[in-house]
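I opened my notebook for a friendly look through this model. My plan was to follow the strands, the charged pairs and the ligand, one entry at a time.

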Amino acid sequence: MKTILQTQKCFGCGACATACPKCFEMDENGKARLKNATLNPETNEQELETKETNCIQEAANACPAQCIKVVD
Ligand code: SF4
């Protein structure tokens, strides 16, 4: 299972960090950061392998820009 954060679409509302502070935080530019993620240089997206979705799915549901994807 992989979580992908499309940072280009993030407008910094903070909903993901509120829904799932274990996995999301806001960076110094006011954009979301997926903790411990790696940056895909081709897509400029943050990617993180996860064993369970825990609150990540809640964060994805809460994101108004729909820039958090959870994929198998
Ligand atoms: S909820 Fe979405 S738009 Fe809001 S800070 Fe998180 S990733 Fe960005």
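Entry 1, a term to settle before anything else. I call a residue buried when its relative accessible area is under 20%, exposed when it is over 50%, and partly exposed in between. I also keep in mind that this is a predicted model.

Entry 2, an arginine with two partners. I looked up R33 and found a relative accessible area of 28%, so R33 is partly exposed. I then asked which residues it meets in salt bridges. One partner is E25, with the closest N and O atoms 3.2 Å apart. Another is E28, where the side chains meet at 3.1 Å, N to O. Because these salt bridges share partners, E25, E28 and R33 are joined into one network.

Entry 3, how open the two glutamates are. E25 comes out at 29% relative accessibility, so I noted E25 as partly exposed. E28 has a relative accessible area of 66%, which means that I list E28 as exposed.

Entry 4, the salt bridge count. How many salt bridges does the structure hold? I wrote down 3. Besides the pairs of R33, I noted one between K2 and E47, with the closest N and O atoms 3.6 Å apart. This pair links distant parts of the chain: K2 sits in strand β1 and E47 in strand β5, 45 residues apart.

Entry 5, buried or exposed? K2 has 26% relative accessibility, so K2 goes down as partly exposed. E47 has 16%, so E47 goes down as buried.

Entry 6, the neighbours of β1. I traced β1 over residues 2-5 and β5 over residues 45-49, and the two pair in the antiparallel sense over 4 bridges. Within that pairing, K2 has E49 as its bridge partner in β5. I then turned to strand β6, residues 68-71, which pairs with β1, again in the antiparallel sense, over 4 bridges. Here T3 has V70 as its bridge partner in β6. I added a reminder for myself: in a regular strand the side chains alternate between the two faces of the sheet.

Entry 7, β5 from its other pairing. Strand β4 and β5 pair in the antiparallel sense over 3 bridges. L39 stands opposite Q46 in β5. The two strands form a hairpin with 4 residues between them, and in the turn I noted N44, which has a positive phi of about 60°. I also checked how covered β5 is, and 4 of its 5 residues are buried.

Entry 8, a residue of β4. I picked T38, which lies in this strand, residues 38-40. T38 has a relative accessible area of 52%, so I count T38 as exposed. Then I took its C-alpha distance to L48: the two are 10 residues apart in sequence and 6.4 Å apart in space.

Entry 9, the ligand. Where does the ligand sit? The space it takes is the largest cavity. I found 13 residues around the ligand, and C10, C13, G14, C16 and C63 come nearest. I sorted the residues of this shell by character and got 11 nonpolar, 2 polar and no charged.

Entry 10, what I would show a colleague at the bench. I would start with the network of E25, E28 and R33, go on to β5 with its buried residues, and finish at the cavity that the ligand takes up.

Note on methods: Residues numbered from 1 in each chain as written. Predicted model: local features only at pLDDT ≥ 70, side-chain atom pairs only at ≥ 80, totals over all residues. Heavy atoms only, no water. Near = heavy atom within 4 Å. 1 Å grid on protein atoms, 1.4 Å probe; cavity = no way out; pocket = protein on both sides within 12 Å on 5 of 7 lines; lining within 4 Å. Sits in = over half its atoms within 2 Å of the grid points. Nonpolar A, V, L, I, M, F, W, Y, C, P; charged D, E, K, R; others polar. Pairing = 2+ DSSP bridges. Buried < 20%, exposed > 50% of the residue type's maximum accessible area, 1.4 Å probe, protein only.
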